[in-house]
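Subject: Structure for you to look at

Hello,

Here is the structure I said I would pass on. Please open it beside this email, as my notes follow it.

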Amino acid sequence: MEHLITPAEVAKYGRPISKNTDEEKLNAYIIEAEQMNIKPVLGDSLFLSILEKGEDDEKVAMLLKGGTYQSGEKIYTFVGLKAAMSYYVYAKYLMVGDFNATRFGVMVKEDSYSSHISSAERSNAYSDTLEVANCYLEDCVAYCKRNGLMSGNPGSQKASGAVKIRKIGKI
């Protein structure tokens, strides 16, 4: 596997997205999500192992696609890493998907048949999508720990994606 998810799978495992969405942009968001959201939580070793084994390994296939599993006396269910990735990619798309870098600067494409959402609405949709993605990733981490794919805390971070607000100027 080159990446955890393909652009075609983003809509399959997550929220609906236009079929006319630029695949190059989605590929960029996939790389960003892998490097910024998934790898820091799972750790390099597990992340690389998932890419190497793909769906050939039974435990990794379950991690990627989700499902129901038993650990001890309890039964658990989760949606899988592809769904978590899809939501991280969708969140990125919400924040920057309609921006285009041109030789004249960063532009927002407009036409007479649509209107853009406000910054507040965009931020709310982004936060909601990140919340879902983080929840799905936490379930994936729990699956990994219960099934011996990871122990302790190999990744240096917890699932987040929250916005940091900094005050600039005099206090």
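Below are notes on the core and on two helix pairs.

This is a predicted model, in which local features need pLDDT of at least 70 and side-chain atom pairs count only at pLDDT 80 or more, while totals for chains, interfaces and linings use all residues. Residues are numbered from 1 along each chain as its sequence is written, and side-chain values use heavy atoms, without hydrogens and water.

The largest nonpolar core (buried Ala, Val, Leu, Ile, Met, Phe, Trp, Tyr and Cys residues joined through side-chain atoms within 4.5 Å; buried means under 20% relative accessible area with a 1.4 Å probe, protein chains only) has 41 residues. L4, I38, I50 and L81 have the most contacts inside it. Among the elements giving two or more residues to this core are α2 (23–42) and α5 (81–96); helices here are DSSP runs of H or I, at least four residues, numbered from the N terminus. α5 gives the most, ten residues.

Leaving aside neighbours within four places in sequence, I38 is in contact (heavy atoms within 4.5 Å) with L4, A33, F47, L81, M85, Y88 and L137.

α2 and α5 pack at about 125°, axes 9 Å apart (lines fitted to C-alpha atoms over the stretch in contact, angles from 0 to 180 degrees between N-to-C directions). That makes α2 oblique to α5, a class for angles that are not under 35 degrees, over 145 or 65 to 115.

The axes of α4 and α6 come within 10 Å and cross at roughly 165°. That makes α4 roughly antiparallel (over 145 degrees) to α6. K59, M62 and L63 of α4 meet C140, Y143 and C144 of α6.

Regards

Technical notes. Buried means under 20% relative accessible area, exposed over 50%, partly exposed in between (1.4 Å probe, protein chains only).
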